[in-house]
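Got the viewer open? Keep the selection box handy and follow along.

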Amino acid sequence: MTSPGKPLTVKCPTCGRSLPWTAEQPYKPFCCERCKLIDLGEWAMEEKRIAGEPLPQDTDNDSDTYLH
Ligand SMILES: [Zn+2]
C-alpha cells in the first residue's frame, strides 16, 4: 500500500541520509553544503587517482570515513 501524502525523499549520495526532496533543500540531492563539497572533492580525487598514482589501499575504506 502506498502513502500519497508522503513527501518524496532522496538519499544524500555522500552520507546516505534521507532528506525530503523540496525547494527548501538548496543542496539537493545532498543534505547539506558540506556533503556536496565532499562529493565534488571525491570526484576530483577520483580523476587524480586515475590519471596519477594508483593507490594500493582499498579506497572503499576511505569513503567510509566521509560517512560521518
Ligand atoms: Zn549528507
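Here is a short walk, from the whole chain to a metal site and the residues around it.

**The whole chain**

Keep in mind that this is a predicted model. Colour by secondary structure to start: the protein chain holds two helices and two strands, and from the N terminus the elements come in the order β-β-α-α. Now colour by accessibility, and you'll see that buried residues account for 15% of the chain's 68 residues. If you draw contacts between residues at least 6 apart in sequence, 17% of those join residues at least 24 apart.

**The zinc ion**

Select the zinc ion and show what sits around it. Which protein atoms act as donors to the zinc ion? They are the SG atoms of Cys12, Cys15, Cys31 and Cys35, at 2.2 to 2.3 Å. Switch on angle labels: the four donor atoms subtend 103 to 117 degrees around the zinc ion, so the arrangement is tetrahedral. Read along the chain, the donors follow the spacing C-x2-C-x15-C-x3-C. Two of them deserve a closer look, because Cys15 is in the loop between strand E1 (9-11) and E2 while Cys31 is in the loop between E2 and H1, so this pair ties together parts 16 residues apart in sequence.

Stay on that pair for a moment. Cys31 counts as buried, with 12% relative accessibility, whereas Cys15 is partly exposed at 23%. Then click Cys35: beyond its neighbours within four places in sequence, Cys35 is in contact with Cys12, Thr14, Cys15 and Phe30.

**Phe30 and the core**

That last contact is your next stop. Phe30 lies in the loop between E2 and H1. Is Phe30 buried or exposed? Its relative accessibility is 9%, under the 20% cut-off, so Phe30 counts as buried. Show its surroundings, again skipping neighbours within four places in sequence, and Phe30 contacts Cys12, Pro13, Thr14, Leu19, Gln25, Cys35, Lys36 and Asp39. For a distance label, try Phe30 to Ser18: they are twelve residues apart along the chain, with C-alpha atoms separated by 9.3 Å.

Now select Val10, Cys12, Leu19, Phe30, Cys31 and Cys35 together; these six residues make up the largest nonpolar core. Zinc donors Cys12, Cys31 and Cys35 turn up here too.

**Val10, over in E1**

From that core, pick Val10, which has its place in strand E1. Val10 is buried, with a relative accessible area of 17%. Not counting residues up to four places away in sequence, Val10 touches Arg17, Ser18, Leu19, Trp21 and Pro29. Add a C-alpha to C-alpha label to Pro20: Val10 and Pro20 are ten residues apart in sequence and 6.3 Å apart in space.

**The loop before H1**

Head back to the loop between strand E2 (18-20) and helix H1 (33-51), where you'll find Gln25. Gln25 is buried, with a relative accessible area of 18%, and it touches Leu19, Pro20, Phe30 and Cys31, leaving out residues up to four places away in sequence.

Next, zoom in on Pro29, found in the loop between E2 and H1. The peptide bond joining Lys28 and Pro29 is cis, with omega about 10 degrees. While you're there, follow the Lys28 side chain: its charged end sits over the ring of Trp21, 4.7 Å from the ring centre.

One last thing to try is a hunt for aromatic pairs. How many does a search of the whole structure find? Zero.

Notes:
Residues numbered from 1 in each chain as written. Predicted model: local features only at pLDDT ≥ 70, side-chain atom pairs only at ≥ 80, totals over all residues. Heavy atoms only, no water. Helix = DSSP H or I, 4+ residues; strand = E, 2+ residues; numbered from the N terminus. Buried < 20%, exposed > 50% of the residue type's maximum accessible area, 1.4 Å probe, protein only. Contact = heavy atoms within 4.5 Å. Donors = N, O, S within 2.8 Å, 3.2 Å for Na, K, Ca; no water. Tetrahedral: all angles 85-135°; square planar, octahedral: opposite > 155°, others 65-115°. Phe/Tyr/Trp six-rings, centres within 6.5 Å; stacked < 30°, edge-to-face > 60°. Lys NZ or Arg CZ within 6 Å of the ring centre and 35° of its normal. Core = buried A, V, L, I, M, F, W, Y, C linked by side-chain atoms within 4.5 Å.
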